[in-house]
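Trainee: Could we go through this structure together, one question at a time? I would like to hear the reasoning before each answer.

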Amino acid sequence: MIKTLIAICLLSITFLTTNAQNAIVKKEMKALIEAQFQFANQQYKILAKNVAPHLMPKTYYAASKKVETSDTKWWCSGFFPGALLYIYEYTGDQEILNEAKSRLAILEKEKHYKGNHDLGFMMYCSFGNAYRLLKDPSYKTTIDTAAASLSTRYRPNAKVIQSWNSSKKWAGPVIIDNMMNLELLNWVSANGTNQLYKQIAISHADQTLKNHFRPDYSSYHVVDYNMVDGTVIKKETAQGAANESAWSRGQGWALYGYAMMYRFTKDKRYLNQAKNIAQFILNHPNLPKDKVPYWDFNAPQIPNEIRDASSASLIASALLELGQYSTKKEQETYVTAAEQMLKSLSTPNYRAKLGENGGFLLMHSTGSLPGKSEVDVPLTYADYYFLEALLRYKKWYL
């Protein structure tokens with residue numbers, strides 16, 4: 001009897017202690033989210049002033065103190081208006097919304113673009129959020145048209161969407177990033193009558209599941225297909241340290257992509273794949289203590305390698321979604337890791353000071369180190385997924 005009472009008391013103390021700790025974490029995260037969005041609300045007004053109205057921000061180089069811009073065909077063109085819409089969603093600032101609408105207006109014409117696979121990044125991160133928040137029917141028309149444009153890159157013999165056009169280097173390249181663009185196709189099918197787009201997304205996800213992953217659930221960057229018969233020609237990691245290395249952002253694209261595919265299909269294969277990818281990332285011996293990955297998990301000079309904040313923001317957002325579909329114990333693992341990533345990104349080690357960094361939020365992202373492109377700089381998609389992760393945490397875990 002006494003042992004039973006002691007056990008009950010211990011369980012009660014553990015329960016109360018856990019609840020108290022959870023309350024503290026939630027209070028800390030609520031304050032962190034508030035602080036980051038108030039900062040973003042001011043900082044992105046500065047970024048907007050640094051970018052001509054007909055262009056989009058791309059990155060910033062501290063040495064020249066210059067914001068590099070892009071036209072609307074650049075694959076990242078949807079992230080700036082998308083980030084502005086996330087800021088508006090939290091703050092309700094009309095000036096931010098007006099800026100977002102202005103940038104959407106110059107981007108809208110790209111709904112017809114068929115030059116590569118990036119329509120999801122370009123049009124769903126921007127117009128998808130705009131329609132979700134504002135319900136303007138013209139925005140849905142733009143999304144529908146963009147999905148139709150993206151579907152033209154589907155190659156039925158290989159059962160994949162061809163990412164880039166054929167070149168001397170690759171016959172039919174498909175990159176892991178392409179998983180992210182399936183959200184556009186899934187959403188249009190889910191919000192219309194045409195199920196073709198969802199079937200294309202499933203076909204592509206299945207082939208990627210089959211051909212892109214190693215036994216440890218890490219992903220190659222590029223799989224080159226013979227688009228006539230669907231055979232795999234070669235597998236490479238173009239933006240990573242080596243063909244067999246685990247390029248960090250690529251692992252993030254894979255994690256996010258399969259969590260998203262489960263959301264739309266409820267296919268357990270996709271959920272299990274996402275969980276296995278998460279396990280690879282979170283248990284990797286080269287994942288730093290602050291949970292902000294090096295640019296490649298197998299970079300040769302670790303720990304003297306640069307980080308990739310964009311990978312951390314992307315992975316944090318993906319883990320928070322994966323937590324929604326997981327057991328309580330799994331969810332605790334995923335959410336705790338995402339919390340650490342968001343806390344790290346919110347420190348001066350990664351987050352800029354007001355008025356600095358060209359107006360971008362985060363520092364220390366890496367586009368393509370092998371290509372000597374956008375190395376250790378701010379990037380629009382790092383900011384976008386950082387804000388998305390903060391909003392997801394607020395919506396699902398506070």
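The questions below deal with salt bridges, exposure and strands in turn.

Mentor: Before we begin, please note that this is a predicted model, in which local features need pLDDT of at least 70 and side-chain atom pairs count only at pLDDT 80 or more, while totals for chains, interfaces and linings use all residues. Residues are numbered from 1 along each chain as its sequence is written, and side-chain values use heavy atoms, with hydrogens and water left out.

Trainee: How many salt bridges does a search of the whole structure find?

Mentor: We first need the criterion, which is a side-chain nitrogen of Lys or Arg within 4 Å of a carboxyl oxygen of Asp or Glu. When the whole structure is searched, the number of salt bridges found is 21.

Trainee: How many residues apart in sequence are the parts that Glu89 and Arg132 tie together?

Mentor: Glu89 and Arg132 form a salt bridge whose closest N and O atoms are 2.8 Å apart. Helices (H or I, at least four residues) and strands (E, at least two) are DSSP runs, numbered from the N terminus. Because Glu89 belongs to helix H2 (residues 79-91) and Arg132 to helix H4 (residues 119-134), the pair ties together parts whose separation in sequence is 43 residues.

Trainee: Is Glu183 buried or exposed?

Mentor: Here buried means under 20% relative accessible area, exposed means over 50%, and partly exposed lies in between (1.4 Å probe, protein chains only). Arg263, which forms a salt bridge with Glu183 at 2.9 Å between the closest N and O atoms, counts as partly exposed because its relative accessibility is 25%. For Glu183 the relative accessible area is 11%, so this residue is buried.

Trainee: Which residues are linked with Glu183 and Arg263 in a network of salt bridges?

Mentor: Glu183 and Arg263 are members of a network that is held together by salt bridges. Besides these two, the residues linked in the network are Glu321, Glu388 and Arg392.

Trainee: Where does Asp308 lie, given that its salt-bridge partner Arg249 is in helix H8?

Mentor: The side chains of Asp308 and Arg249 meet in a salt bridge of 3.4 Å, N to O, and both residues are buried. The pair ties together parts that are 59 residues apart in sequence, because Arg249 is in helix H8 while Asp308 lies in the loop between helix H9 (268-282) and helix H10 (309-323).

Trainee: What is the relative accessible area of Pro215?

Mentor: Pro215 is found in the loop between helix H7 (196-211) and strand E6 (222-225). This residue counts as exposed, because its relative accessible area is 82%.

Trainee: Which residue in the turn of the hairpin formed by E1 and E2 has a positive phi?

Mentor: Two strands pair if DSSP finds at least two bridges between them, and strand E1 (residues 56-61) pairs with strand E2 (residues 66-70) in the antiparallel sense over 5 bridges. Tyr61 has Lys66 in E2 as its bridge partner. The hairpin leaves 4 residues between the two strands, and the turn residue with a positive phi, of about 55 degrees, is Lys65.

Trainee: Which strands stand at the edges of the open sheet E5-E6-E7?

Mentor: In this open sheet of 3 strands the pairing is antiparallel, with E5 and E6 joined over 3 bridges. An edge strand here has a single partner strand, so one side of it is left without a neighbour in the sheet, and the strands in that position are E5 (173-175) and E7 (232-236).
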